[in-house]
Amino acid sequence: MRKQAAKKLPLAPDPKFGDKQVTRFVNNIMEQGKKSIAYRIFYDAIDRVSQMTNENGYEIWKRALVNVTPAVEVRSRRIGGATFQIPAEVRADRKISLSMKWLIRYAGDRNGKSMAEKLANEIVAASKGEGAAFKKKEDTHRMAEANKAFSHFRV
């Protein structure tokens, strides 16, 4: 058993916007340690979002993240030989993590030529309250609502 939780390393703010959340997002995009490529994908996507909407792409990305962020989720818990889906509130740190991962995953599943193009389309859709990442959030909330009867089993 560990005596204490592992220390979180502080994130460096990104070079363009000076935002630590952008760095966190880029770290989620990154594959095989290729951070410069991940930054290029993110910044290209933000530029495309700006061109598509004629607004600040960075602000739209932030709005998309907020729209995709879940408030509740269901967690499996085994009670008396049966497994129940128990609704639970999502920790603040996990909310951000889930929203970023959903945006990136569902952007990758989209049709398009480059990842930057796919990500831009998913960001624009999520900022409008559409798209697969937003649907995932809605499904998660719906599932928690459907299983509200088991909330007294809370973990």
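**View 1. Where α1 and α3 meet in this predicted model.** On the α1 side, the contact takes in Q21, V22 and F25, and their partners in α3 are Y58, W61 and L65 (contact means heavy atoms within 4.5 Å). Sorted by class, that patch has five nonpolar residues, one polar and no charged ones. Here Ala, Val, Leu, Ile, Met, Phe, Trp, Tyr, Cys and Pro count as nonpolar, Asp, Glu, Lys and Arg as charged, and the others, Gly among them, as polar. The two helix axes come within 12 Å and cross at roughly 70°; axes are lines fitted to C-alpha atoms, for helices over the stretch in contact, with angles from 0 to 180 degrees between N-to-C directions. That makes α1 and α3 roughly perpendicular to each other (65 to 115 degrees; under 35 is roughly parallel, over 145 roughly antiparallel, the rest oblique). Helices are DSSP runs of H or I with at least four residues, strands are E runs of at least two, and both are numbered from the N terminus.

**View 2. A133 in helix α6.** Helix α6 covers residues 131–146, and A133 belongs to it. A133 is buried, at 0% relative accessible area (buried is under 20%, exposed over 50%, partly exposed in between, using a 1.4 Å probe and protein chains only). Leaving out residues up to four places away in sequence, A133 touches V68, W102, L103, Y106 and E122. F25, one of the α1 residues in View 1, sits 15 Å from A133, C-alpha to C-alpha, with their positions 108 residues apart in sequence.

**View 3. Q32, in the loop between α1 and α2.** The loop links α1 (20–29) to α2 (35–53). Phi of Q32 is near 55°, a positive value in a residue that isn't glycine. Most residues other than glycine have a negative phi. Q32 is also exposed, with a relative accessible area of 77%.

**View 4. N54, in the loop between α2 and α3.** This loop runs from α2 to α3 (57–68). N54 has a phi near 55°, again positive without being glycine. Its relative accessible area is 70%, so N54 counts as exposed.

**Notes for the views.** Residues are numbered from 1 along each chain as its sequence is written, and side-chain values use heavy atoms, with hydrogens and water left out. Because the model is predicted, local features need pLDDT of at least 70 and side-chain atom pairs count only at pLDDT 80 or more, while totals for chains, interfaces and linings use all residues.
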